[in-house]
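Good morning, and thank you for coming. Today I should like to walk you through one model and its binding sites. Please look at the display as I speak.

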Amino acid sequence: MEIFSHFADVLLPLPVSGPYTYGIPLPLLTSVITGGRVVVQFGKRKIYTALVLKIHKIPPGEYAPKPIISVLDDQPIVNEKQLRFWKWIAEYYMCHEGEVMNAALPSALKLASESRIILNPVSETDPASLNERELLLFETLLNRKRIEVAEASRILDQQKIIPLIKTMLEKGIILMDEELSDKYKVKTVTFVELTDDYQQNEIKFKPLFDSLEKKAKKQLDVVMSFLVLSKFGSGATEPVTKSALLKNSGASPAALDGLVKKNVFRITEQKQDWGEKNDPGLSAGAIQLTTSQETGLEQIHKAFEEKDIVLLHGVTSSGKTELYMKCIQEVIDRGQQVLFLLPEIALTTQIVTRLKKYFGSRIGVYHSRFNENERVEVWNKVLKAGRNNENQPFDIVLGARSAIFLPFADLGLVIVDEEHDSSYKQYDPAPRYHARDSALYLAHLHGAKAILGSATPSVESYFNTRQGKYALVELNERYGNMELPEVEVVDIRSEMHRKKMQSHFSSVLIRQIESALENHEQSIIFQNRRGFSLRLECDACNWMPSCKNCDVTLVYHKAKDMLICHYCGYTTQIPAICPSCRGTSLKMKGFGTEKVEEDLSIIFPKARIERMDMDTTRSRFAHQKIIDDLEQNRIDILVGTQMVTKGLDFENVSTVSILNADNMITFPDFRATERSYQLMAQVSGRSGRKNKRGKVIIQAYNTKHPVIQQVVKNDYKSMFEWQLLDRRKFKYPPFYRLIQIRVKHKDQKIVNLAAADLARRLKIVFGVRILGPEYPLVSRIMNYYLKQILFKIEKDLSSTQMKTKLAKVIEEFYQTKLWGPVRIIIDVDPQ
Ligand code: ADP
Ligand code: ZN
Ligand code: ZN
């Protein structure tokens, strides 16, 4: 057994209660650092990247420590504030710190045995530049395409494999493989350039022209077009893309290839970036605020003298973003960092470009659609901002949910835009954190201020302003004296009665879209379900096809001509006859975005119609492309789910419609009313932004529903007051905290028994605060049965104490050994 003088407590990126203690071998003693990574063995064979939390001299009592295998960093990759933040998340959301670490670090920073690596398809590695071991791995990858770290360690030397992979990752020779092949396909633009020979020797053109004139007319066209497009000889030449050149010359790619072979042109690929890279030379100080914006900014300043958090409640287009930019400028001028959170889907080039105009290369964008290398790049540049001596650090991060985990050294301001958005909450896997709430804690850790912004704040945040916890700043005017759109509610039933519905569209809506088309204006049609028909049903016996793995009905997708489960992806064909009664009267019921798109194309055959939902935006750039197309007026009608409601700003959208408001409002969830209001108000905000008053058409059966009336009147406060009454009465947030406890197992009987036993134990400790167990809305997912227990805690009780007690009950529950294989999933503040 090896004897160690020093030990390191490390965190492993695994759902285990850590930390674990490893011995530091003498040769590594000077290189192991806190906050740096090391490679360790865990379990029988697996190796992992672990993070050093502490170095000390106390050997662990219960086990003989294993040695640290190798050291990866000579500088910390996380800081002390982050470690405190992780600890808080683990405690608050009741999960392991290792799980938080797992969510926090980009996977390229936590290589493990099962990580897979590939050659970087866009790198031109010269094998001669590699050392022996690098070359061996490189050649293995040439033959095998992808390989697991564990396998690589068998081929090479186990002890040193991860440091080797780390270096090759950093040099861009290899990449982490991420399954989704789309992710590492960096979008590139192909440029055509003159070879040096032609660039430097203009006299060479004459003989070229002569020979092409005779033998290759098409190639001559290409050269001539190039000279025009590149403004050759003007002293300020411009880059020429391959597509522009081919289009302009009308030549075929073969003609261009011929010229490449003749050594006239060379082809280069360049990575396409988000927004402008160039430094702007503009300061946000240059933004001219309107009087009401000016007042808003003063109120924010004033509020920050007393409070740390401001809720900025501003109608759509009131200029919230302009105020954020002013505040950002102040903070970076002080030398501090800014975190600006947006919901994933709202993070588009539109907003990036807007911010880059003022902050240029000081902005880092952090997005889940980025590949691992890009994520590591942002990580490192944020880390460097804390070290002061680097030339291009990021001191502003614009990011989605997971950006809260970046290594900020000194945050001065945290902005959470669209703070009401439920996608800030991570559902699965743990940590099931809420990025808004966590970001507020992060701000607190840094002594930073925070702005939560929304046109439709969450009931919780608005309530906090009433309680005096947050300051409230309101912006009630839209920029440029734009009016809020006119909202018209159409009664679907009465339209049907008078036979005026065409498919899912009322006559009012059809006329409105028609007139938009005539005026070359755009329309957005919102339907909150994707697919074609939501269910198939037998008219004779009411049979409906359901998923064989989940307790849900299957949705018909026409493009695939398949029934699909939206929970597990199971697909099957439409049966020819009803399997239950053998009848032939299977009918399609309910409609999703795909059907809306098709029906619209029948009614408006000439219109350019596109659809934006999860099905059409799976690949990396698909979402951005639809947005670009809408911006460039290449789309007349956009059909979509929630995605179309998020923070976009289009000048030419005059018409917005919600096809069926009822199915949102009647959703069985205590937040359904609030959500419906937010969705309807947000989607309405997409209309009529610049020149002209927009029009919103809400189709519904229950047109008298209060929430529809509140949307029509743009009356957030009434919605809020009304919801508050309900929430108090039925014991929901903001008066109570919720913890949802799910019991999960393959056997339904076991789930029932285990859930009953757990609920019984919980009721002994917490009494009537425990509700259930009940079947959740979907009681079986991927062949696992689920039961849920709801724990409601009064706001004035200490939730920390309650969580400690809850953890103890769960521990005792497992100690009985009866329920070993049953899984318990805890969701604190479920959305
Ligand atoms: P919000 O974030 O509240 O929806 P935005 O900040 O996006 O509003 O503003 C809406 C539009 O109005 C944007 O196109 C923005 O550029 C413009 N705008 C708002 N305030 C100003 C201002 N003070 N000066 C110039 N343009 C402004
Ligand atoms: Zn039937
Ligand atoms: Zn399923």
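Let us begin with Arg354: in this predicted model, an N or O atom in the side chain of Arg354 is 2.8 Å from an oxygen atom of ligand 1. A second contact involves the backbone, where an N or O atom of Ser318 lies 3.2 Å from an oxygen atom of ligand 1. A third involves a nitrogen atom of ligand 1, which lies 3.4 Å from a polar side-chain atom of Tyr479. Taken alone, ligand 1 exposes 560 Å², and the protein buries 81% of that area.

Which residues surround this ligand? There are 16 of them, and the closest are Gln288, Gln293, Ser317, Thr321 and Arg354. By character, the shell around ligand 1 divides into 3 nonpolar, 7 polar and 6 charged residues. Helix H12, residues 320–333, gives the most to this shell, with 3 residues.

I now turn to the zinc ion, ligand 3. Its coordination comes from the SG atoms of Cys547, Cys550, Cys565 and Cys568, at 2.2 to 2.4 Å. In sequence, these donor residues follow the spacing C-x2-C-x14-C-x2-C.

Why is the arrangement around the zinc ion called tetrahedral? The 4 donor atoms subtend angles of 103 to 113°, and four donors count as tetrahedral if all angles lie between 85 and 135 degrees.

Finally, are Cys565 and Cys568 buried or exposed? Cys565 has a relative accessible area of 2% and is therefore buried, since buried means under 20%. Cys568, at 24% relative accessibility, counts as partly exposed.

Conventions: Residues numbered from 1 in each chain as written. Chains lettered and ligands numbered in written order. Predicted model: local features only at pLDDT ≥ 70, side-chain atom pairs only at ≥ 80, totals over all residues. Heavy atoms only, no water. Near = heavy atom within 4 Å. Polar contact = N/O pair within 3.5 Å; in protein donor to acceptor, adjacent residues only side chain to side chain. Areas by Shrake-Rupley, 256 points an atom, 1.4 Å probe, with all protein chains shown as cover. Helix = DSSP H or I, 4+ residues; strand = E, 2+ residues; numbered from the N terminus. Nonpolar A, V, L, I, M, F, W, Y, C, P; charged D, E, K, R; others polar. Donors = N, O, S within 2.8 Å, 3.2 Å for Na, K, Ca; no water. Tetrahedral: all angles 85-135°; square planar, octahedral: opposite > 155°, others 65-115°. Buried < 20%, exposed > 50% of the residue type's maximum accessible area, 1.4 Å probe, protein only.
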